[in-house]
Amino acid sequence: MRWALVKVCLAVTAMVVVAFAVPLALVVKETARDRAFAGAERQASAIGPALAITRDRRQLQRAVAITQAGAEGRVAVHVPAEVGKGGAKSGPVRVGHSRAPRARLAAARRLGRATTVEVDGGYTLLRPTAVTGGIAVVEVFVPDDEVTHGVATSWMVLAGVGLALIVGSVAVADRLGTRMVRPAERLAGAAHDLGEGQLDVRVPEEGPTELRSAATAFNSMADQVVQLLANERELAADLSHRLRTPLTVLRLNAASLGEGDTAEQTRAAVAQLEGEVDTIIATAREQKALAPHAAPSATCDAAEVIRERMAFWSALAEDESREARVAGVEHPVRVPVARAELAAAVDALLGNVFRHTPEGTAFAVDLHSGGPTSEAAILLVSDAGRGITDPDAALRRGHGHGGPGSTGLGLDIVRRVAESTGGDLRLGHSVLGGTEVRVRLVRRDGAATRTGTHRVSHRLRRGARRARLARRA
């Protein structure tokens, strides 16, 4: 916008300067010409009194010499022949150097008015004067330098003034453009920051009327977004709090089951579900949103997390006659992800295997670290199912397009965990014949783990599913 305004002002000012400077330059040129010929007229008029009283060559030469043009050799006098008393005839008299053609001299005598003749090096003014015996012609030569005297200087002054006007208009347009563009840039930057999660960003309401209105609308929108998020957090906290009553009943019932592996697994599942509900409530009650791209606040051993979650899911895998294989978890692999977040991602991946493949389908979990100095750790979850025909559509499920019995949030949680470290999530075909989910976790310069309200319902479902699995075990 700023440069567009500068270009418009530049074009308009240039057209105005041309519209006024060109005619004015022509007027200056014509004025200089008129001034030169007016001076020639005065020089010719100064010879008139001498022609009226004498035809003597010496007298005329003296009259011509006392004029400025005559002293410079630019005046010539042409006196016609005269018939005296008794029929005596005297010849014509010419004083000075003549430059005009004879035909033009004769025409000037015949017409009886002053004319201008263009000759080599300039112009000649022919001024007829009545004398005894006919018409004398005074010829005054005007050189080109005198005709254009001062024109070049005047044109340079006009060009300088025009250039100064153009530069001034560009400077003014630039200042006006800056006043208009800066509020727009601030508004765009604030919109970008708000999109990045900085909910406290606001725009100063200044600048042109339209931009002030836009800033007011943006600030109002930001306030509404903050209020809506606060309401969502409160709603999630209230809904989670309502689960404590049935969880208390479950905990009491689990306590009455007595001893045994099934009872212990049930009590562990209920305790874990209570912990998840407490985490959801605490997260939802936080008033200060996490800053995006902040440094990770926690790390964990990915190998230990995978061993723990595989031990949990192995009971269900045994019940469904699934062959499970795990590799790469013999040595610690530190990743910049909180333990609970990585456990949730692993549970989401394994839950998808059990949910979307028939019983008896084998699966494998592999962790590739590349050593302690490696920049990334790769988590591969493979199955021998039917595979995924459209991986892009499967990834879009995280935006609410899951099938029956699916929230569509499992892969989205995994993707967010990977992207929080600067990594990514990819789907492909596994060596087992089914689907392979590849999760890359960057171990250096990872971004902060990002959480969202969409994880609430998934955690609730995951906790309830764990309780069901424990009861089945």
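In what order do the five strands of the antiparallel open sheet stand? The order is E4-E1-E7-E6-E5. Before I go on, a reminder that this is a predicted model.

I'll stay with that sheet for a moment. Strand E4, residues 93-95, and strand E5, residues 115-119, stand at the edges, and each has a single partner strand, so one side of each is left without a neighbour in the sheet. From one strand to the next, the twist averages 20°. Further in, strand E1, residues 75-79, runs antiparallel to strand E7, residues 134-143, and four bridges join the two. If you want a register to look at, take Val-75, whose bridge partner in E7 is Val-140.

Now the helices around it. Helix H2, residues 57-65, lies across E1 and E4, and its direction is at about 30° to E4. Then there is an aromatic contact to point out. The count of aromatic pairs in the model comes to four. One of them is Phe-37 with Tyr-123, an edge-to-face pair with 5.7 Å centre to centre and 70° between the planes. Phe-37 sits in helix H1, residues 2-53, while Tyr-123 sits in strand E6, residues 122-131, so the pair ties together parts that are 86 residues apart in sequence.

Next, a record annotation. UniProt, in an unreviewed entry, places a "transmembrane region" at residues 155-173. What is the secondary structure over residues 155-173? In the model the chain there is 100% helix and 0% strand, with the end C-alpha atoms 27 Å apart.

On to the other sheet. This one is also open and has five strands, in the order E9-E11-E12-E14-E13, but here the pairing is mixed. Which strands stand at its edges? They are E9, residues 324-327, and E13; each has a single partner strand, so one side of each has no neighbour in the sheet. Neighbouring strands are turned by 15° against each other on average, with direction ignored.

The edge strand E13, residues 424-429, pairs with E14, residues 435-442, in the antiparallel sense over six bridges. Leu-425 has Val-439 as its bridge partner in E14, and Arg-426 has Arg-438. Five residues lie between the two strands of this hairpin, and Gly-433 takes a positive phi near 105°.

Two helices can be placed against this sheet. Helix H10, residues 302-319, packs on the sheet and touches E9, E11 (363-368) and E12 (376-383), with its direction at about 175° to that of E11. Helix H11 lies across E11, E12 and E14, at about 20° to E12.

H10 and H11 also meet each other. Their axes come within 10 Å and cross at roughly 35°, and the crossing is right-handed. From H10 the contact includes Val-305, Ile-306, Trp-313 and Leu-316; from H11 it includes Leu-342, Val-346, Leu-350 and Phe-354. Charged residues take part as well, among them Glu-304, Glu-308 and Arg-309 of H10 and Arg-339 and Asp-347 of H11. By class, the residues of this contact divide into twelve nonpolar, one polar and five charged.

H11 has a further helix partner. What is the angle between H11 and H13? H11, residues 339-356, and H13, residues 410-420, pack at about 145°, with their axes 9 Å apart. This crossing is left-handed. On the H11 side the contact is made by Glu-341, Ala-345, Ala-348, Leu-349 and Asn-352, and on the H13 side by Gly-410, Leu-411, Val-414 and Val-417. The division here is six nonpolar, two polar and one charged.

To put H11 together: the helix lies across E11, E12 and E14 of the mixed sheet, crosses H10 in the right-handed sense, and crosses H13 in the left-handed sense. That is where I'll stop.

Terms used
Residues are numbered from 1 along each chain as its sequence is written. This is a predicted model: local features need pLDDT of at least 70, side-chain atom pairs count only at pLDDT 80 or more; totals for chains, interfaces and linings use all residues. Side-chain values use heavy atoms; hydrogens and water are left out. UniProt positions are given in the numbering used here, feature names are shortened, and annotations may be inferred rather than shown by experiment. Axes are lines fitted to C-alpha atoms, for helices over the stretch in contact, and angles run from 0 to 180 degrees between N-to-C directions. A crossing is left-handed if the near helix is turned anticlockwise from the far one by less than a right angle, and right-handed if clockwise. Contact means heavy atoms within 4.5 Å. Two strands pair if DSSP finds at least two bridges between them. Rings of Phe, Tyr and Trp (its six-membered ring) pair if their centres lie within 6.5 Å; planes under 30 degrees apart count as stacked, over 60 as edge-to-face and the rest as tilted.
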